[in-house]
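Me: I would like to go through this structure step by step. Can we take it in short questions?

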There are 2 protein chains.
Amino acid sequence: MNIGDAPTGGRAEWLAQQLRQAIADGRLPVGSKLPATRALAADLHISRGVVTDAYQRLTEDGHVVGRGRSGTTVVAAPVAAPTATRPARPADPPSSGALFASPPGPDIFDSLRAATARIDLSPGVPDLAAFPRAAWLRAERAVLTDLSAADFGYGDPRGAPPLRLAIANWLARNRGIRADPDEVLIVAGTAQALGLIAQVLRRDGIKAIAVEDPGSLGARQHLRNWQVETPPVPVDGDGVCVDALRAGGAPAALLTPAHQFPMGVVLGGSRRRELMRWAGDGGLIIEDDYDAEHRYDRPPVPALRAMLAERVCYAGSVSKLLAPALRVGWLLAPPKYRDPLVEAKRFADLGNAVLPQLVLARLMESGEMERRLRLLRRRHRRRRDAMIEAIRRHLPGATVHGAAAGLHLTITFERGLDSGGDLADVDLAAAALAKGVKVQPLSWHSLRPQPPGLVLGYAARSPSDLAEGVFVISEALRRVR
Amino acid sequence: MNIGDAPTGGRAEWLAQQLRQAIADGRLPVGSKLPATRALAADLHISRGVVTDAYQRLTEDGHVVGRGRSGTTVVAAPVAAPTATRPARPADPPSSGALFASPPGPDIFDSLRAATARIDLSPGVPDLAAFPRAAWLRAERAVLTDLSAADFGYGDPRGAPPLRLAIANWLARNRGIRADPDEVLIVAGTAQALGLIAQVLRRDGIKAIAVEDPGSLGARQHLRNWQVETPPVPVDGDGVCVDALRAGGAPAALLTPAHQFPMGVVLGGSRRRELMRWAGDGGLIIEDDYDAEHRYDRPPVPALRAMLAERVCYAGSVSKLLAPALRVGWLLAPPKYRDPLVEAKRFADLGNAVLPQLVLARLMESGEMERRLRLLRRRHRRRRDAMIEAIRRHLPGATVHGAAAGLHLTITFERGLDSGGDLADVDLAAAALAKGVKVQPLSWHSLRPQPPGLVLGYAARSPSDLAEGVFVISEALRRVR
C-alpha cells in the first residue's frame, strides 16, 4: 500500500478500499486479524484516526468484526478472490511449416516439443511408459524414513555422497570406468555439464571446442551460449576424423565415441588410438556418453574415460536410462578442472536437489537400474527392428545408420529426396509433421552439406506406431516430391 | 582396452588378463556373454586366433564356459569385484580457528557446514525436523499415479505449468502479488535466480548491482561470480538508504525490503516511497523475498513487486518454507527480461526436475503449505522468544536486531567485545565454534566497518539448545576477552 496514492481528504476510504482488496484476493484471509490500529498508523505514517475510520467502514460492510482489545477479525470476503485458475500456457504450438522454415534457434527444441503430433519420433528419450513408478515411490518412502533433519538443509554442491558412490559403482560395472566417489560431480543433466565445462575451460583460456559434424545441435547451442566457438570436424563410417581434428587446431573436442550422435557409428579401434595420441599431445576430450548402455548386439564399448582419465571430461546422465524429467547427470573431470567445476556448480545452483539423488542412489545400488536396463534393451531392440523393417518396406531409397545401439537411428537419402535434388530434409520433416508425425531433419545437426536425412527415435513408441510413422513419412515424401 | 599396450608375442595372455579384470570388476558380470570371437577380433584389429586363445585360457581358469554356437558365458569372477564401498568424503571439517582466520572465500559456507558443532546456530534454515514427510510422500504417490508417460520427457524450461499456477496463487494470497502463471519462471533456488539475473543484466549492459551493507555475503559472492560489481549501500534502522543508492549511481540494486538480511529491519514507509521514485527514474530493483512469510507480530509486509511490477525482479523460494534441499524457487521479471531469463534458464539446465515441482504444486494448492507455515510461525516464535530471553540473561551487552520476522536475529556489541576494542567478531565466532556452537560473524556480511556482531539462526533448534548455545557464546566471550 502506498498512502501517497490516496486522494487528499479521502484517506480513510482509500485505506478501506485497499483492505477490501486484500481481503478479496486472500492476502487477508477470513479468520485473520487486521493489524492493530496503532501499528498500522505508524507503518503508514498516518494518524490513528484514519485507520479507525477505515476499520469502521469495513465493520459496516460486514467484512470484519471488532472485539475491542482482542482485535479486529476478518469474517467475510467482499467478492470471490480472483485467483488464477488456469495453468501457464505451454509454448505456442507452431505450425509445421514455420517450425522448419528458418535455421533452428535456441528455442527450437521447445517449439518442436510444443508442436502437436500423433506419433512423436523425436530422438533422445527412452521408453518413458516404462518409468519404474512403484520402485521410485518405494525408494522415496525409504529415503524419507531414513533422512535426518539436517539432510533437508543446504547440501554438498558436489552431490549427495550416497549417489556419488552409486555412480562410481555404476560406471565400474557398466562403463569400465574406475573412479573414486570423490571425483564424481552430480549435475542437472548433460546440458548443465556442458555449461559448467564451457565456463571452466573459458577461464582456463580455451575458447574453442571442436564438435562432430554431423553432431548434436543442442550440444552446439549450449557451448555457443557460453561464448565458446565450435569448429566442426567431419564424421565418417569410423567415427570422428582425428586427422581433421588435429589439423583444425582446437584445444578441446566434444565427442560421442560410444554411439556417435546422430550418425550412430562407434569410434573404430585405430581412430581410438589416434585420438589417444591427440589427447596425449595436449588435446582435451569431452566425452558425452549419452546412451552407450543401450547396446543391443554385444556389450557396450568401454568409455574413453576408462583409458585416459587425465585428458577426458566424462559426462553421463539418467535421461536415457530413466527419464529426462529427472534432470540428473554426472561429470568426471581431470584433476586440474575438478575444483573449478565444483565452484561453477556451486554458483549455478548450490547443488542438485537432495531427495531425488538419494532415491536414485537406492535404485542404482539395489540392482533396480540394471534390471530396468535389461528390460529396456529387450523392448528397444524389438522397436528398432520394427522401425528398420518399416523403413525397408516403405522407404527403400533410405540408408539406415547407427542402429546397433542407442534410442534412435538416422536415415539418409544418398541420391536426394527428388530427381532434381531441390528438396531438403526440412521440407520432408515439415510435410511429415503436417501429417501428424514428428521427426528431426538431419540438416539441423549438420554444419557442412550432407545428404538429406532424418533422425528417428524409436525407443518411446510401440512397434505399430513406428510402422505407421514410417509409412506416413513415405506418404509425405511422395506428396512433396 | 588398447591392444597397443600388449607385449609383442603376448597378446593372447594380455587379452585374457584384460578380460579377467573386466569380469573381476563387474564390467562383464557373471551370466553375461563374451563377444563373438570374430567381432572382438575385428574390433581390436587382431587375428581371431588371438581371441580364441584368450577365451581358451579363461575356460581353463574356470571363469567362462564355451558352448559352441551359443557363445561363451561368464560363470565365475576371479576375485571379488573391487567396487567402491565408502561414500564420497564430506568436505574436510576445518578447524574453528582456520575457518575464521581469513576473509571468507567462495567455499566458506560449505566449510562452515562441514565444521562439526553440537549446536548449529547458522542462519537461513527453517525447522527442518518439521518437514512434512508424510504429506510429501502422499503427494508424490498422487503425482506418480496421474503422470502421463510424456511428462517424464524433457519439460518446459519455464517450469511445470501446475507449479507456475500454484506459485501465482501463493503469491496472491501471501505476498500481495498479482501475477499471471505465464510470468512465473521456476528456478533452482534464489542462488540460481541471482545467477540468471546477473547474466541477463550483463548482456543488457548493466555491470553493477548495488547491494545492502550489511547484506548477504552469499548473494554478493553469487553476483560477483558472474562478473557483476556490487557497490555497497548502507542500511540503517529504516532499511536501505535510498539517498546513498541514488548517489552511488548503480543502475540496479539487490534488496531485502521485507526483512533486511542480516539486520532484520523492515523498509520504512517513506523509504519505500523514495525507492519507488528511484525505480521510476530508471532504477531496477531485485527483490530477494527470502523469508517474508515468517512474520510473527503482524501480517507480512507486501512485496515491492506488488506495487511496481515493471521495475522489480522478484525472487522467492521454498528454502525457508520447506527445505533448502529441495532447490526450488521462482522468479518474476519485468516484461523486458522475461524471454532472456527463460533462455538463460534453458541454457543453465533445461529447466527444473519435473516430479518435485508437481509434488510442490499439490502441497501448495491443497493448503498444506499454509498449514505448515502457521505451525512453523508458532514454533519459530517460541524459539525466537527463547533466544531473546537467553541473550538478555547471558549477553547483557548485546543489542538485538530484526527479531520481528524471519528465521534469525542479529546481535551487535555496540561498545565492542572488549575494553580495548581489539577483539573482532570472527574471534568470538571461532571461540564459540571451539566450544561446539556454530554462528556467523556479522563482519562476514559487512563491507564497511560495523560494530562486532553475530548472526544467529533460531528456527531449527529447540528452546533448550538455543539457551545453551547463547550461554556457550557468553562463556566463549568471557574466555577470549
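Me: Is A:Gln227 buried, partly exposed or exposed?
Reply: This is a predicted model, and every value here is computed from it. The relative accessibility of A:Gln227 is 46%. Buried means under 20% and exposed means over 50%, with partly exposed in between. A:Gln227 therefore counts as partly exposed.

Me: Where in chain A is A:Gln227 found, and what is its phi?
Reply: A:Gln227 sits in the loop between α9 (217-225) and β6 (232-236) of chain A. Its phi is positive, and A:Gln227 is a residue other than glycine. The value is near 60°.

Me: Phi of A:His45 is also a positive value. Which loop holds A:His45?
Reply: A:His45 is another residue other than glycine, with phi near 55°. Its place is between two helices of chain A. The loop runs between α2 (37-44) and α3 (48-61).

Me: Is A:Asp243 buried or exposed?
Reply: A:Asp243 lies in helix α10 (residues 242-248) of chain A. Exposed means over 50% relative accessible area. A:Asp243 has 59% relative accessibility, so it counts as exposed.

Me: How many Å separate the C-alpha atoms of A:Asp243 and A:Pro162?
Reply: Along the chain, A:Asp243 and A:Pro162 are 81 residues apart. In space, their C-alpha atoms are separated by 42 Å.

Me: Is A:Lys345 buried or exposed?
Reply: A:Lys345 has its place in helix α12 (residues 335-349) of chain A. Among the residues it touches are A:Pro157, A:Leu185, A:Gln192 and A:Asn352. Its relative accessible area is 0%. Buried means under 20%, so A:Lys345 is buried.

Me: Which residues of α12(A) are buried?
Reply: A:Lys345 is one of them. Charged side chains are on the list too, including A:Arg346 and A:Asp349. The full set is A:Tyr337, A:Leu341, A:Val342, A:Ala344, A:Lys345, A:Arg346, A:Phe347, A:Ala348 and A:Asp349.

Me: What distance does α12(A) reach from its first C-alpha to its last?
Reply: α12(A) has 15 residues. At 1.5 Å a residue, 21 Å is expected. The helix comes close to that, reaching 22 Å.

Me: Which residue follows α12(A)?
Reply: The residue after the helix has a positive phi, near 65°. It is A:Leu350.

Me: Why is α8(A) largely enclosed by the rest of the structure?
Reply: Helix α8 (residues 189-203) of chain A has 15 residues. Count the buried ones, those under 20% relative accessible area. α8(A) is largely enclosed because the buried residues number 13 of the 15.

Me: Which residue with a positive phi follows α8(A)?
Reply: Here phi is near 90°. The residue is A:Gly205.

Me: Which peptide bond of chain A is cis, with omega near 5°?
Reply: Look in the loop between β8 (252-255) and α11 (269-280) of chain A, where A:Pro262 is found. In chain B, the bond from B:Phe261 to B:Pro262 is cis, with omega near 5°. In chain A, the cis bond runs from A:Phe261 to A:Pro262.

Me: At what angle do α7 and α13 of chain B pack?
Reply: These are helix α7 (residues 161-175) and helix α13 (residues 354-365). Their axes are 8 Å apart. The angle is about 35°.

Me: How do the residues of the contact of α7(B) with α13(B) divide?
Reply: From α7(B) the contact includes B:Pro162, B:Leu163 and B:Trp170. From α13(B) it includes B:Leu358, B:Leu360 and B:Met364. The division is ten nonpolar, two polar and two charged.

Me: Is the crossing of α7(B) and α14(B) left-handed or right-handed?
Reply: Helix α14 (residues 368-394) of chain B packs on α7(B) at about 35°, with the axes 12 Å apart. By contrast, α7(B) passes α13(B) in a left-handed crossing. The crossing of α7(B) and α14(B) is right-handed.

Me: What relation links chain B to chain A?
Reply: Chain B can be laid on chain A with an RMSD of 0.1 Å. That takes a turn of 180° and a shift of 0.0 Å along the axis. The relation is that of a two-fold axis.

Me: What percentage of the interface residues of chain B are also interface residues in chain A?
Reply: The copies meet through the same surface, because the overlap is 97%.

Technical notes. Residues numbered from 1 in each chain as written. Chains lettered and ligands numbered in written order. Predicted model: local features only at pLDDT ≥ 70, side-chain atom pairs only at ≥ 80, totals over all residues. Heavy atoms only, no water. Axes fitted to C-alpha atoms, helices over the stretch in contact; angles between N-to-C directions. Helix = DSSP H or I, 4+ residues; strand = E, 2+ residues; numbered from the N terminus. Left-handed = near helix turned anticlockwise from the far one by under 90°. Contact = heavy atoms within 4.5 Å. Expected span 1.5 Å × (residues − 1). Buried < 20%, exposed > 50% of the residue type's maximum accessible area, 1.4 Å probe, protein only. Least-squares fit on C-alpha atoms with pLDDT ≥ 70 in both. Lists of a residue's contacts leave out its neighbours within four places in sequence.
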